[in-house]
Amino acid sequence: MPNILLNNFRVCIFLLFAVFIIALFTDIIIGELPNNLHAVVLIGKLINFFKNLFINLNTYFSGLLLTIFVIGIFLIISEIGYNIFIHLPIILFVFILGLFFSSAFSIKLLLNSAENIRIKLENNEFEQARNEVSYLVSRPTQGLSESYIISATIESLTENVTDSVISPLFYYFIFGFLIIIINYYHHLFNNSFLVNNVSLFLFNSGGIPANNLTFHLIFVCIMIAFIYRIINTEDAMVGYKTEELRKIGFFPAIFDDILNFIPARIAGILMVIASRIIGMDYKNAIYILRRDARKCESPNSGYTMATCAGALGIQLIKKDNYILGDPLKLIDSFDIRRAYNLSRWTIFLFILIQFIILFIILLVL
């Protein structure tokens, strides 16, 4: 079987890089796309539609059906769009892929949401700050004191470093790396029936022209990132242990925990490194990470929240749920800004590592 990407793997690497750069600059400069163009808004509508359809089944498998149908419909719609736009000039098509991918993660909105709350607190606009926090966390925010508003803001910010940025980018890049490497070295597995047939399916199905195939492989990486985003959004919408949602939210919550397991731990480690780079208490960050990361109900959210609490020397408290960190200093609104900087550096380090890996692959292969 001819290895289509053997002569084009550098093109594949370039496209993986180019699509991400376009998506990154779209997010940083423009922010979120309009609702009628935003893929996650469509995902939310699909989730809500199928939730109302399946919730009356009153079975734990309703959440599995919800996940299957939302992913299936989204993939079909995305594939139709792909087959329409693939006929555009290459540069324009790559730009559209980047715009589309920008909806899979959120850096500017994540950071700005925390910063806006800090500004409102410093202007003594406590009711407005409470209202903004209510969009970020599931807990009741009425009557929250300033310290609890600050804590909830930092918790949401640092938890979403994983959910909104690290995880979708992790799955985009990890599948991109695997596609490139497996295809390049598939000749080492010529005696493997399984690998040969997987390679045939992925890399040479139906005699697809090499250029179209390369684009489709990048599109697959984007779809993998969106599958994560679908499951994460489902967990945010139905993953609660209320009487109404505990059954339909069962499988989405489990899937979300599984998919975030590795990215959350990567994010925690990178946050420790980031705290060292910007002069925060990285030793305490390590200590609190190891001591408190598992105190949260979620098996993943504590890895960034606890690390941030340790680096800042503060306590993050969710009433009747967890206390992360030690009160080495009184928490104040400027700690939101410090958490903002720590989160920004954590994201930067993750992106930098992906670029280094891409560069190494380019040199080695």
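This is a short walk through the helix packing, the nonpolar core and a few single residues of the structure shown above.

I should say at the start that we are looking at a predicted model, and that everything I describe is computed from it. The secondary structure of this protein comes to 13 helices and two strands. Of its 365 residues, 50% count as buried, and among the contacts that join residues at least 6 apart in sequence, 76% are between residues at least 24 apart.

Let me begin with helix packing. Two packed helices are described by the angle between their axes and the distance between the axes. Helix α2, which runs over residues 39–54, and helix α3, over residues 61–85, have axes that come within 9 Å and cross at roughly 140°. That angle makes α2 oblique to α3, and the crossing of the two is right-handed. On the α2 side the contact is formed by A39, L42, I43, L46, I47, F50, K51 and F54, and these meet S62, L65, L66, F69, V70, I73, F74 and I77 of α3. Sorted by character, the residues of this contact between α2 and α3 are 14 nonpolar, one polar and one charged.

Helix α3 also packs against α10, with an angle of about 65° between them and their axes 6 Å apart. Here F61, G63, L64 and T67 of α3 meet F251, P252 and F255 of α10, and the residues of this contact of α3 with α10 divide into five nonpolar, two polar and no charged.

Between α2 and α3 there is a loop, and in that loop lies N58. This residue is not a glycine, and yet N58 has a positive phi of about 55°; with a relative accessible area of 53%, N58 is exposed. A second asparagine can be described in similar terms, namely N124, which is found in the loop between α5 (108–122) and α6 (126–134). N124 has a positive phi of about 60°, although it is not a glycine, and at 57% relative accessibility N124 counts as exposed.

Now to the interior. In soluble globular proteins, nonpolar side chains tend to be buried together. The largest nonpolar core in this model has 102 residues, of which L16, F20, F101, I154, L169, Y172 and L312 touch the most other members. The largest share of this core, 16 residues, comes from helix α7, spanning residues 146–184.

Which residues does F101 contact, once its neighbours within four places in sequence are left aside? They are V19, F20, A23, L169, Y172, I222, A225 and F226.

Within helix α7 we also find F177, and F177 is buried, with a relative accessible area of 7%. Not counting residues up to four places away in sequence, F177 touches L16, Q354, I357, L358 and I361. The C-alpha atoms of F177 and C12 are separated by 9.9 Å, although these two residues stand 165 residues apart along the chain.

As a last case, let me set beside this I269, which has its place in helix α10, residues 250–277. Is I269 buried or exposed? At 52% relative accessibility, I269 counts as exposed, because the cut-off for that class is over 50%. Its C-alpha atom is separated by 9.0 Å from that of L289, with I269 and L289 being 20 residues apart along the chain.

Terms used:
Residues numbered from 1 in each chain as written. Predicted model: local features only at pLDDT ≥ 70, side-chain atom pairs only at ≥ 80, totals over all residues. Heavy atoms only, no water. Axes fitted to C-alpha atoms, helices over the stretch in contact; angles between N-to-C directions. Helix = DSSP H or I, 4+ residues; strand = E, 2+ residues; numbered from the N terminus. Parallel < 35°, antiparallel > 145°, perpendicular 65-115°, else oblique. Left-handed = near helix turned anticlockwise from the far one by under 90°. Contact = heavy atoms within 4.5 Å. Nonpolar A, V, L, I, M, F, W, Y, C, P; charged D, E, K, R; others polar. Core = buried A, V, L, I, M, F, W, Y, C linked by side-chain atoms within 4.5 Å. Buried < 20%, exposed > 50% of the residue type's maximum accessible area, 1.4 Å probe, protein only.
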